[in-house]
Amino acid sequence: MCLAIPGRVEAIEARTQTASVDVLGIRRKVSIDLLVDEGLSVGDWVLIHVGFAMSKISAEHAEEQLRILASLDEINEAQAEAEGYGQPPNSGNSR
Amino acid sequence: MKFMDEYRDGETVHRLSREISQLADQNRTYRIMEICGGHTHSIFRFGLSQILPGNIELIHGPGCPVCVLPMGRMDEGLAMAERDGLIFTAFGDMMRVPGTTGTPLDAKARGADIRMVYSPLDALETARRNLDRPVLFFAIGFETTAPSTAVTLMKAKELGVTNFFVFCNHVLVNPAIRALLESDDMRLDAFIGPGHVSTVIGCKPYEFIAEEFQRPLVVSGFEPVDILQSIVMILRQMNAGVAKIENQYGRAVSWDGNTAARKALDRVFETRSTFMWRGLGGIPNSAYAIREEFAEFDAEKQIGVRGRSFPDPALAQCGEVLKGVKKPVECSLFGTVCKPENPVGALMVSSEGACAAQYRYSDATTVLRK
Ligand code: SF4
């Protein structure tokens with residue numbers, strides 16, 4: 001839950017305050033409500049936490065964040081989390 | 001150990017560790033608390049404590065929201081889960097957290113509809129797809145996570161959803177630090193400040209730590225070089241006899257934080273006059289409650305179960321470990337009765353808890369050794 005996962009903005013939908021983001025090769029919609037003041041544009045990197053883009057970061061910082069997730073053995077968790085965004089469970093799927 | 005090769009900045013690490021040895025005054029001790037569970041995980045994973053001189057002690061703070069949730073709150077959430085037809089949603093980390101009546105997974109085995117979500121927005125979406133059933137989201141987390149719950153509630157209101165409820169367990173980092181600083185057995189000299197909480201709140205709210213308590217705090221990133229760099233910054237302050245709030249993690253954290261996130265927090269939440277923390281007891285103003293304007297979504301008001309609190313099991317030393325008075329291995333349950341597969345205390349549940357991190361990496365010698 002405390003993971004912050006880097007993702008690259010692929011498209012922005014201003015009406016719903018969402019962005020399509022490439023997270024670890026997975027394309028997901030995340031909320032950009034918390035970055036309204038940041039002037040987000042396609043190609044920017046963001047740190048994502050529980051389905052929300054939290055801050056705009058540099059490409060180098062994104063790479064570094066991926067490295068730290070990998071070295072803390074949290075990359076699979078991050079991947080599962082990214083895959084889970086926008087997929088509300090239909091029945092109990094707790095693992 | 002192969003970790004050294006995985007870690008790109010080995011040279012920098014050694015330079016920093018030499019610098020720390022030079023800065024550390026042999027005639028004194030330095031007791032530094034890292035508040036955030038992410039730092040705890042990193043410190044154990046890389047064996048950072050072992051490359052520090054003996055008079056620098058890293059103490060693992062209360063910054064893992066799962067670890068500080070009292071059993072009574074889990075019991076209340078699970079009592080709600082057993083309501084007819086209710087769908088209980090929570091993050092994956094919550095699934096194995098024990099209350100006195102068991103974990104969410106145990107409740108699921110007893111027939112409750114327990115579902116894991118990765119985002120509060122997906123809990124809201126679950127409500128919109130199941131209009132005939134109440135859907136509960138067990139909200140937990142520090143200021144990093146609370147804005148996402150706030151925005152979700154704002155969306156629920158906008159959409160006019162009537163079957164979505166939030167059981168709010170969001171906690172605040174600064175009141176906990178204040179409580180530690182004011183406690184009788186306080187032995188902390190300085191703090192490594194949380195990275196991601198600070199992206200939201202910024203650095204300014206920590207100023208009381210320097211001004212009122214004359215303790216330095218350095219907001220830090222999560223890589224070994226970040227943590228070591230932060231320790232260098234702390235030692236420099238302490239050697240110079242000053243206490244300031246500094247930001248080592250400028251690439252993600254600004255002095256003022258994220259304004260939009262803080263606005264969402266203010267709009268949806270108010271602080272509770274007090275909240276129970278596992279191991280630390282009641283702490284004033286340390287948690288968020290949902291404001292009256294959003295009361296229709298407040299599970300405590302709408303589903304309501306009696307507020308109860310239970311002490312931790314008698315032999316468990318979670319409170320002492322959280323305060324840095326004891327080390328995980330000094331708890332008599334550590335590794336015998338209390339293990340990650342079957343945690344007694346919440347510090348053993350997630351890899352960000354001091355006990356689980358210690359258990360998991362106990363055989364890891366220094367990863368970054370030359
Ligand atoms: S070993 Fe278990 S019971 Fe003891 S302090 Fe750690 S989490 Fe608490």
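**Views of chain B in a predicted model**

**Figure 1. Overall dimensions of chain B.** For the 370 residues of chain B, a compact globule would have a radius of gyration near 21 Å, and the value for chain B is 21 Å, which agrees. The model shown here is predicted. Taken along the principal axes, the box filled by the C-alpha atoms of chain B is roughly 65 × 45 × 40 Å. The secondary structure of the chain consists of 16 helices and 13 strands. Of the 370 residues, 63% are buried. Among contacts with a separation of 6 or more in chain B, 77% join residues that are 24 or more positions apart.

**Figure 2. Helix 5 of chain B, residues 71-81.** This helix is largely enclosed by the rest of the structure, because 10 of its 11 residues are buried. The buried residues include B:Met71, B:Met74, B:Leu78, B:Met80 and B:Ala81. B:Gly72 and B:Gly77 are also buried, as are B:Arg73, B:Asp75 and B:Glu76.

**Figure 3. Helix 9 of chain B, residues 173-182.** Helix 9 is mostly covered, with seven of its 10 residues buried. At the start of the helix, the buried residues are B:Val173, B:Asn174, B:Pro175, B:Ala176 and B:Ile177. Further along, B:Leu180 and B:Leu181 are buried as well. One of these buried residues, B:Pro175, is in contact with B:Pro284, which is the subject of the next view.

**Figure 4. B:Pro284 and its contacts.** B:Pro284 belongs to strand 12 of chain B, which covers residues 281-284. The relative accessible area of B:Pro284 is 52%; a residue counts as exposed over 50%, and B:Pro284 is therefore exposed. When neighbours within four places in sequence are left aside, B:Pro284 is in contact with B:Pro175, B:Ser273 and B:Thr274. B:Thr274 is 10 residues from B:Pro284 in sequence, and their C-alpha atoms are 4.1 Å apart in space.

**Figure 5. The ligand and its surroundings in chain B.** The ligand takes up the space of the second largest cavity. The residues that surround the ligand include the cysteines B:Cys318, B:Cys331, B:Cys338 and B:Cys355. B:Ala316, B:Val321, B:Leu333, B:Phe334, B:Leu347 and B:Met348 also belong to this shell, together with B:Gln317 and B:Gly345. By residue type, the shell comprises 10 nonpolar residues, two polar residues and no charged residues.

Notes. Residues numbered from 1 in each chain as written. Chains lettered and ligands numbered in written order. Predicted model: local features only at pLDDT ≥ 70, side-chain atom pairs only at ≥ 80, totals over all residues. Heavy atoms only, no water. Helix = DSSP H or I, 4+ residues; strand = E, 2+ residues; numbered from the N terminus. Buried < 20%, exposed > 50% of the residue type's maximum accessible area, 1.4 Å probe, protein only. Contact = heavy atoms within 4.5 Å. Near = heavy atom within 4 Å. 1 Å grid on protein atoms, 1.4 Å probe; cavity = no way out; pocket = protein on both sides within 12 Å on 5 of 7 lines; lining within 4 Å. Sits in = over half its atoms within 2 Å of the grid points. Nonpolar A, V, L, I, M, F, W, Y, C, P; charged D, E, K, R; others polar. Rg over C-alpha atoms; globule rule 2.2 N^0.38 Å.
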